[in-house]
Amino acid sequence: MKYADGVLGKGTPTELARLRALEELCDPISKELITRLGLAPGWLCADVGAGAGSVAGWLAETATVVATDLDTRFLTPGERLTVLNHDVTADPVPGGPFDLVHARFLLETLPEPEAAVGRLVQWLRPGGHLAVIGVDLTVSALTPHPELRAVTSALLEVFREQMGTEPTFGRRLPPLLAARGLTDIRMEVHPLLVGDGGAGERVMRATFEQAFGTMVATGRLTAEQVEESRAWFGRPGHLDIIALMPVVWARRPGPSPHH
C-alpha cells in the first residue's frame, strides 16, 4: 500500500484541512531555510510530495517550479508552476537539473527511502541545494502521558503496516548525503508540541482522527483508549513534545550557473 491509499490519502474528507495545518506548522521553516539558501529568479525548483501546494506556490512567485505528488488534486498549476502526478520511487526525473529540491514529511513514508534520496541527489545541478524536513514520532515513546504514548505507538504501527514507514530516517540523512557526494551538510531540529492548541496539535489530532478507525479495527487501540486520548487534549497543563522535526540541507558541489 502506498501513502496515497492509506489513512493519509487525499480522498479522506479531512485531509485537506490536515495538510493546511501542516503548512501552518512547517511553511515558516521551509521558507526561512530556502530564503537563506539564496532563492532567486532564474532558479528551477522541485517540490516533491507537494501536498496542498503552499511551498510550490510561494516558490513560483520568484522561480520556476515543478510540483510533484502521487495525488495532485490539491495542486493548481500556474504560469511558473508545473504540476505532475509523479512517484519519486519509480518515475523518471521530472525535468531539471534543479537548483533546489524540497521535500517535506516525505522520505519517512517511502518503502525504500535511501533509494529515493539517491534519486533526489541526482536531480540537482552543480551548486544545487537539497532541503528536507522530516518528522520523527519515536520521541513520543518517552512521554510521561500514557494516553499519548498509546495512541502514537498505534499510529506508528499503522504507518509501518501501510507504508513501511521508517520514522527516524530524517536523522540518518546527513551521512547518506555525504556518501552521495553532497557538501555543506547541515541539520537543525524543531519540536512538535501538542496541548497548546497550535498548528502542531491540529496536525496531530487530525492525523489521529483519520487513523482511529484503522487502529481500532486492527486491534491496536480499544474504543476506550481512543476516548482517553481525545480527552487528554484541552486539560490544564497537558503539554508535551510528541515528535521532532529534523531539517537537513546540503549542496551538490560545483559552481551555480546563476553566480
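## Salt bridges, a cavity and a surface patch

Glutamate 114 forms a salt bridge with arginine 172, and their closest N and O atoms are 3.2 Å apart. (A salt bridge is a side-chain nitrogen of Lys or Arg within 4 Å of a carboxyl oxygen of Asp or Glu.) This pair links distant parts of the chain: glutamate 114 sits in helix α3 (residues 113-123) and arginine 172 in helix α5 (residues 169-179), 58 residues apart. Helices (H or I, at least four residues) and strands (E, at least two) are DSSP runs, numbered from the N terminus.

Before we go on, a word about the model: it is predicted, so local features need pLDDT of at least 70 and side-chain atom pairs count only at pLDDT 80 or more, while totals for chains, interfaces and linings use all residues. Residues are numbered from 1 along each chain as its sequence is written, and side-chain values use heavy atoms, with hydrogens and water left out.

### More salt bridges

How many salt bridges does the structure hold? There are 18 salt bridges, and here are three of them.

| Pair | Closest N and O atoms |
|---|---|
| Glutamate 114 and arginine 172 | 3.2 Å |
| Arginine 220 and glutamate 161 | 3.6 Å |
| Arginine 230 and glutamate 227 | 2.6 Å |

Let us see how open these residues are. Glutamate 114 is partly exposed, at 33% relative accessible area, and arginine 172 is partly exposed too, at 31%. Here, buried means under 20% relative accessible area, exposed over 50%, and partly exposed in between (1.4 Å probe, protein chains only).

Is glutamate 161 buried or exposed? Glutamate 161 counts as exposed because its relative accessibility is 52%, whereas its partner, arginine 220, is partly exposed at 23%.

In the third pair, arginine 230 and glutamate 227 are 3 residues apart in helix α7, so about one helical turn separates them. Arginine 230 counts as partly exposed at 32% relative accessibility, and glutamate 227 is partly exposed with a relative accessible area of 44%. Elsewhere, salt bridges that share partners join Glu32, Arg36 and Glu188 into one network.

### A space inside

Arginine 230 turns up again in the lining of a cavity. The structure holds 2 cavities of 30 Å³ or more, and the second largest has a volume of about 50 Å³. On a 1 Å grid over the protein atoms alone, a cavity is a set of points where a 1.4 Å probe fits but cannot get out, and lining residues have an atom within 4 Å of a point. The volume is the space filled by probe spheres set on the points, which are joined across faces, edges and corners.

Which residues line this second largest cavity? They are Arg205, Phe208, Glu209, Phe212, Ser229, Arg230 and Phe233. Helix α6 gives the most to this lining, with 4 residues. By type, the lining of the second largest cavity divides into 3 nonpolar, 1 polar and 3 charged residues.

### On the surface

Leu193, Leu239 and Ile241 form a nonpolar patch on the surface, with about 230 Å² of accessible area together. Patches are made of residues with over 30% relative accessible area and no salt bridge; nonpolar side chains (Val, Leu, Ile, Met, Phe, Trp, Tyr) are joined within 5 Å, and like charges within 9 Å. Accessible areas come from the Shrake-Rupley method with a 1.4 Å probe. Leucine 193 lies in strand β6 (residues 183-194) and counts as partly exposed at 34% relative accessibility.

Key:
On a 1 Å grid over the protein atoms alone, a cavity is a set of points where a 1.4 Å probe fits but cannot get out, and a pocket is an open set with protein on both sides within 12 Å along at least five of seven lines; lining residues have an atom within 4 Å of a point. Ala, Val, Leu, Ile, Met, Phe, Trp, Tyr, Cys and Pro count as nonpolar, Asp, Glu, Lys and Arg as charged, and the others, Gly among them, as polar.
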